[in-house]
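Me: Please take a close look at one part of this structure, the second largest pocket, and set it in the context of the rest of the protein. A formal and connected account would be welcome.

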Amino acid sequence: MSEGLTSHTHKGLLAQISLNFVKDGRLTLEEGKLIRQMFNMRHEGDYEDFEEASEEDIMEAAPKVKQLVEKLIGINKLSK
């Protein structure tokens with residue numbers, strides 16, 4: 001993680017994002033929620049029996065995720 005922040009767990013990383021990027025306004029509350037939603041979808045797909053994200057869920061999230069990734073790349077470039 002940039003800016004000297006560290007985390008040993010995925011949940012810790014989510015907390016760091018909230019505390020250090022959402023709280024200071026670099027990410028919106030909606031973007032923070034999107035990161036958590038994507039984490040939950042990945043976690044359920046990996047660890048829950050018979051859990052799959054629907055094509056509709058993926059198609060709805062894809063443009064938002066693309067925009068978020070582009071923003072995160074910009075934030076990362078600014079912090080270097």
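**The second largest pocket and its setting**

Reply: The residues that line the second largest pocket divide into five charged, four nonpolar and two polar. The model under discussion is a predicted one. The lining consists of E30, E31, L34, Q37, M41, D57, E60, A61, K64, Q67 and L68. Two elements each give two or more residues to this lining, namely helix 2 (29–47) and helix 3 (55–78). Of the elements, helix 3 gives the most, with six residues. The volume of the second largest pocket is about 200 Å³.

The protein to which this pocket belongs contains three helices and zero strands, and its elements run α-α-α from the N terminus on. Along the principal axes, the C-alpha trace spans about 40 × 30 × 20 Å. Of the 80 residues in the protein, 18% are buried. Among the contacts with a separation of 6 or more, 46% are accounted for by residues 24 or more positions apart.

Helix 2, which contributes to the pocket lining, also meets helix 1. The axes of helix 1 (residues 10–22) and helix 2 come within 10 Å and cross at roughly 170°. Because angles over 145 degrees count as roughly antiparallel, helix 1 is roughly antiparallel to helix 2. On the side of helix 1, the residues in this contact are H10, L14, I17 and V22; on the side of helix 2, they are L29, G32, I35, R36, F39 and R42. By class, the contact comprises six nonpolar, two polar and two charged residues. The pocket lining, by comparison, has four nonpolar, two polar and five charged residues.

Helix 3, the element that gives the most to the lining of the pocket, is followed by a segment in which S79 is found. S79 has a relative accessibility of 33% and therefore counts as partly exposed, since that class lies between the limits of 20% for buried and 50% for exposed. From C-alpha to C-alpha, S79 and E52 are 36 Å apart in space, with their positions 27 residues apart in sequence.

In summary, the second largest pocket, with a volume of about 200 Å³, draws two or more lining residues from each of helix 2 and helix 3, while helix 2 is also in contact with helix 1 through residues that include I35 and F39.

Technical notes:
Residues numbered from 1 in each chain as written. Predicted model: local features only at pLDDT ≥ 70, side-chain atom pairs only at ≥ 80, totals over all residues. Heavy atoms only, no water. 1 Å grid on protein atoms, 1.4 Å probe; cavity = no way out; pocket = protein on both sides within 12 Å on 5 of 7 lines; lining within 4 Å. Points joined across faces, edges and corners; volume = space filled by probe spheres on them. Helix = DSSP H or I, 4+ residues; strand = E, 2+ residues; numbered from the N terminus. Nonpolar A, V, L, I, M, F, W, Y, C, P; charged D, E, K, R; others polar. Axes fitted to C-alpha atoms, helices over the stretch in contact; angles between N-to-C directions. Parallel < 35°, antiparallel > 145°, perpendicular 65-115°, else oblique. Contact = heavy atoms within 4.5 Å. Buried < 20%, exposed > 50% of the residue type's maximum accessible area, 1.4 Å probe, protein only.
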